[in-house]
Amino acid sequence: MGLYSYTYTITQYFVLFATLGTVTYGSREIAYYQSNKQKRSEIFWGITFLSWATGAISLLIFYIFIFFNGKYSILFFWQSFLIFGVIFDVNWYFTGMEKFKVIISRNFCIKIISLLCIFVFVKSEKDLSLYIVILGLSNIIGNILVWPYLRKEVYKPNFSKLSFKKHLGSTWIFFFATNFCYFKLINKPKYDCIF
């Protein structure tokens, strides 16, 4: 569990970059345009393509990190499934639409299946890689299973109206604001975060 926590924690820095501020920003923007399918489709695809780009960059940098870090490289490689999970994550859309049933039902089923897989396949400390794979794959599969629900929610992407520049600037603001407050709260508990 120590090796798992160590490799997981380092991987989370790359996950953090892959998501930027898309979760908070995306759910907020979708909430503004719940009743306007055209506008929320543009927002959804703009943020999704941005998330794919940041996820791909994060994965590339992570694999370079693994290449130069020989120790625990196999464990880090399997932890990269967490970054793949971010690329397919669109839960922020359903949060913005206040359709929590989709997220909760999918999460419940995937968690039960992954727990059963851990009990069946993970028997000793030699199965650490398998344990990481099960958790990583359950994350990816869980995020992919939400995509079919989007067929009736959004239109096909219109590449001329994706507003990458706007979304990139806004997600960076949310990214820095959220993490700035987090570190300030750790270092100075009396700090009042208004973001």
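## Arginine 40 and its salt-bridge partner

Arginine 40 is tucked away in this predicted model: its relative accessible area is 7%, so it counts as buried, the cut-off being under 20%. What does arginine 40 pair with? Its partner is glutamate 153, and the closest N and O atoms of the two sit 3.8 Å apart, which makes a salt bridge because the limit is 4 Å. Glutamate 153 is buried as well, with a relative accessible area of 8%.

Where do the two residues sit along the chain? Arginine 40 belongs to helix 3 (residues 37-68), while glutamate 153 is in the loop between helix 8 (128-144) and helix 9 (164-187), so this salt bridge ties together parts 113 residues apart in sequence.

## Glutamate 153 as a shared partner

Glutamate 153 also meets the side chain of lysine 99 in a salt bridge, at 2.3 Å from N to O. Here too the pair links distant parts of the chain: lysine 99 lies in the loop between helix 6 (91-96) and helix 7 (100-121), 54 residues away from glutamate 153. Is lysine 99 buried or partly exposed? With a relative accessible area of 33%, lysine 99 is partly exposed.

Put those pairs together and you get one network of Arg40, Lys99 and Glu153, joined by salt bridges that share partners.

## The remaining salt bridge

How many salt bridges does the structure hold? There are 3. Besides the two just described, arginine 28 and glutamate 29 pair up through their side chains, with 3.0 Å from N to O. Arginine 28 is partly exposed at 34% relative accessibility, whereas glutamate 29 is buried at 6%.

## Asparagine 158 and the same loop

The loop between helix 8 and helix 9 also holds asparagine 158. Asparagine 158 is partly exposed, at 34% relative accessible area. Its C-alpha is 7.1 Å from that of glutamate 42, even though the two residues are 116 apart in sequence.

## Nonpolar cores

In soluble globular proteins, nonpolar side chains tend to be buried together. In this model, the largest nonpolar core has 18 residues, and the ones touching the most other members are Ile30, Phe44, Tyr93, Phe94 and Leu150. Two or more residues come from each of helix 2 (22-32), helix 3, helix 6 and helix 7. Which helix gives the most? That would be helix 3, with 5 residues.

Leucine 150 is worth a click in the viewer. Setting aside neighbours within four places in sequence, leucine 150 is in contact with Phe44, Val90, Tyr93 and Phe94. There is also a second, separate core of 12 residues, and among them are Ala18, Leu82, Ile83 and Val86.

## A nonpolar patch on the surface

Not every nonpolar side chain is hidden: Leu115, Phe119, Val120, Phe121 and Leu130 form a patch on the surface. Together they have about 500 Å² of accessible area. Helix 7 gives the most to this patch, with 4 residues, and valine 120 is one of the residues lying in that helix.

Notes:
Residues are numbered from 1 along each chain as its sequence is written. This is a predicted model: local features need pLDDT of at least 70, side-chain atom pairs count only at pLDDT 80 or more; totals for chains, interfaces and linings use all residues. Side-chain values use heavy atoms; hydrogens and water are left out. Buried means under 20% relative accessible area, exposed over 50%, partly exposed in between (1.4 Å probe, protein chains only). Patches are made of residues with over 30% relative accessible area and no salt bridge: like charges are joined within 9 Å, nonpolar side chains (Val, Leu, Ile, Met, Phe, Trp, Tyr) within 5 Å. Accessible areas come from the Shrake-Rupley method with a 1.4 Å probe; for residues, only the protein chains shown count as cover. A nonpolar core is a set of buried Ala, Val, Leu, Ile, Met, Phe, Trp, Tyr and Cys residues joined through side-chain atoms within 4.5 Å. Contact means heavy atoms within 4.5 Å.
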